[in-house]
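These are my notebook entries on a structure that I examined piece by piece. The sequence and the structure come before the entries.

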Amino acid sequence: MCGIVGYIGPQNATPVILNGLKRLEYRGYDSAGLAVIQNSHIEIRRDVGKLTKLAELVSEIPVSGHVGIGHTRWATHGEPSARNAHPHIGMTGNVVVVHNGIVENYRELHDDLAAEGVVFSSDTDTEVIVQLVERFQSTGLGLVEAAEKSMQQLKGAHGIVLMSSLEPDKIVAARIGNAGGVVIGIGDHEMFIASDLPAILEHTRRVVFLESCQVAIVTRDGLTVQTLDGKPVRYKEQIVSWDPISAEKGEYRHFMLKEINEQVRSLTDTIAGRVDVDCGKVRLPELNLTPEFAKAISKVYITACGTAAHAGMIGKILLERITRIPTELQIASEFRYGDPIVGDNTLLLAISQSGETADTLAAMEEGRKKGARLWSIVNAIGTQAMRIADGYISMQAGPEIGVASTKAFTAPIVDLYMLAVLLADMRGTLGEKERRSLVSGLCMIPDLVGKCLDRHLEVEAVAETLKETRSCLYLGRGINMPIAYEGALKLKEISYIHAEGYPAGEMKHGPIALIDREMPVVVLAPHDPWYEKMISQIEQAKARGGTVIAVATDGDQCIPSLVDHVLWVPDTPWLLSPVVTVIPLQLLAYYIAAKRGLDVDQPRNLAKSVTVE
Ligand code: AGP
C-alpha cells in the first residue's frame, strides 16, 4: 500500500511528482523516492522517512526533466531505508520501476536472475521486476513487450509504473489483481499517472481507471491500453466530481479533526437525493435492485475489514431488525478462505472506504465465484470494489485522508439503514407508518451529529484526564457494541494505547479482572433497548474501582451520579444511535493522541489503504 505518481509532458516532472506524492503520503510514509529522465539519463533521488526528507534532498541536488515517476512507501519486503526505497533501477541503468503490491514468487525469480549474473542492490521484492524487464530487453524486445513478458511471470497483485531512458517518449503503467488502483489523468498534451485520485485532481478531472491485467502505454498526447499479452483494449474515460480543495486540511491542525467535523456535511450528502421525505421513501438507483431480487434474497453476508467491519456489525443488526433477512458479518480476511455457504439468493455486501482493500476485494471474488450477488458500499469513486460489484452505494463522504477512518464510518451506517428500509419496503414487510417514522428519523441525523461536535471542549477535558493512561476498556451492548470496538480501534490506531472493545455482557466472564484504579472504562449507555443492562455493567465496573466514562443521552438523571465523566449525546432513535454515540469517541481518541504529540494523520506502521494481504 504505497503511493505511486508518474508524469509526462512539457512541465518539469519533479515538482509535479513531489506534489502528487504529498497527496498520497497517507498510503505509506516510511520512505520515498523519484526518478526523472534528465539529459537522456535516469536521475534518482531516494531517502528514508517522510516525504519532506526527499523534498530536502531534491532541493540540495536538483533534478529536472519532462518524464518522471515517484513513490511513497509502506515497506513489506526490505526494511525502510534509502537503498530499499523506490524507484529501483536495473543493472544497465536504463530502466526504472516503482511498484505497489508484493511479488509473491520473488525469491525464485531473484535466484534465477542472480544465477544469470544479475547483481541486486536492494532487499526488496520489487527489484526483480526491473531486472526481469532488462533481461527481456537484452533479447531485443522493446520496453512495452519486455514489461509485459516480465509481468506475466509475476505472482501476486501489483500496480507497476516504469520508464526507460532509451524510450523517453512513454511511461508504461500496469495493474495486475488487487494491489491498489492505477489511474491515468488526461491533461492538455500532458498525462498523469497515480495510484489514487488526490494526486491527479489538481491537474485534471478526466481519468481512466485501469482494470486488472491491463497495461497502459502513456505518452504526452494520449494513452493506449492493452492486455498483458498485447491485445488492444477499449478504455472508458470518466469525469471525477471530487474537487481538489476537499483534499486540503484547511484551517484544521489534522485531516482527522477536519474529517470528524465534516460529518454533518458527509451525512447530509449521503442522504441527499436518496430520501423522499414527503412519501417516506428511499431510493438507491446504483444498486439496480428489482422487486423480484429484493423478495428473493434469503441470506446476506456483509464483509469488510477494520472500521468498515464495525460498520458492518451495525449493518447486521439494522438489516435483521428492519428486513428480518438472516444477515452475517464476516471479516474479509476470514471470509476469503472460509469456504462460505452461498446459495442462489445470497447477497454479499462489501464495505470499503478505499475500495481497494485486498482482503475485501478477495472476499468479493470468493462470493462471486460461489454465485452470490455482489453489492458494495464504497467511498473512493471508481475504485475496484465499486467496479466489480453488481450494484453499489457511494458513501459520498468526499476524500478521507486521515488514516484513522471517521466520516467513512458514519456514512455507511446511514447507507445500511437506508438499504434496510428500501429492502423491507420492496419485500412488503414494512408498514407505511413505520417506514415513514424510520425515514423521518434519518433526516434528523446530521443535526444531531452537529450537536455532538459542538461539545468538543467537554470531550477534550476528559481526554486531558486520560492522556497518560496505558490501557483502556470499551464496553457496549446490542447496536452500540460495535461502537465499543470502534472507539477502542480509534484509540489504538492513533495514540498507541492498548485499548479493547468488548461486549459488555461478557465483562464478568473475564475482562472484569483487568479493572482497577489504573484502568479507565468507557461505556456506551445511551437510551436504547440495552440501557438498563448497561447501568448494571457500570455498577460492576465502579465496584472494582474503575474510572468510568459514559456516553449517555441528554437529560439522563441516573448516570451522572454513577460515573466519573459523562460524554453527552442528544436523544436519537436507537436504530441510528451509533452514528451519534461514536462522535465523542472519535474526538476522545483524537484529543488524547494530539495531546501525546503524535502524528495523528499518519500513525506508525499503518496506511490508509491496505492493498496487500
Ligand atoms: C480504520 O481507521 C483503519 N484505517 C482501517 O481499519 C480500515 O478501516 C481498514 O483497513 C479497511 O479499509 P477500507 O474501508 O478502505 O476497506
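For the entries on the ligand I first fixed the residue classes: Ala, Val, Leu, Ile, Met, Phe, Trp, Tyr, Cys and Pro count as nonpolar, Asp, Glu, Lys and Arg as charged, and the others, Gly among them, as polar. The model is predicted, so I noted that local features need pLDDT of at least 70 and side-chain atom pairs pLDDT 80 or more, whereas totals for chains, interfaces and linings use all residues. Residues are numbered from 1 along each chain as its sequence is written, and side-chain values use heavy atoms, without hydrogens and water.

**Entry: ligand shell**

I looked up the residues around the ligand and found five nonpolar, seven polar and two charged. A residue is near the ligand if one of its heavy atoms lies within 4 Å of it. Of the 14 residues, Ser352, Gln353, Ser354, Thr357 and Glu493 come nearest.

I then turned to polar contacts (a pair of N or O atoms within 3.5 Å; within protein, one must be able to donate a hydrogen and the other to accept it, and residues adjacent in sequence count only if both atoms are side-chain atoms). A backbone N or O atom of Val403 lies 2.8 Å from a ligand nitrogen. Polar side-chain atoms of Lys490 and Glu493 lie 3.1 Å and 2.7 Å from an oxygen atom of the ligand, respectively. The protein covers 91% of the 410 Å² of accessible area that the ligand has on its own (Shrake-Rupley method, 1.4 Å probe).

Which elements give two or more residues to the shell? I recorded helix H9 (306-323) and helix H16 (481-495); H9 gives the most, with three residues. Helices (H or I, at least four residues) and strands (E, at least two) are DSSP runs, numbered from the N terminus.

**Entry: Ser122**

I located Ser122 in the loop between helix H3 (106-115) and helix H4 (127-137). Is Ser122 buried or exposed? Its relative accessibility is 8%, so I entered Ser122 as buried (under 20% relative accessible area; 1.4 Å probe, protein chains only). Its side chain makes polar contacts with those of Thr124, at 2.8 Å, and Glu127, at 2.7 Å.

**Entry: strand S12**

I found five of the six residues of strand S12 (residues 214-219) buried, so S12 is largely enclosed by the rest of the structure. Strand S8 (residues 171-176) runs antiparallel to S12, joined by five bridges; here Val172 stands opposite Ile217. Six bridges join S12 to the antiparallel strand S13 (residues 222-227), and a hairpin links S12 to S13 through two residues. Two strands pair if DSSP finds at least two bridges between them.

Methods:
Buried < 20%, exposed > 50% of the residue type's maximum accessible area, 1.4 Å probe, protein only.
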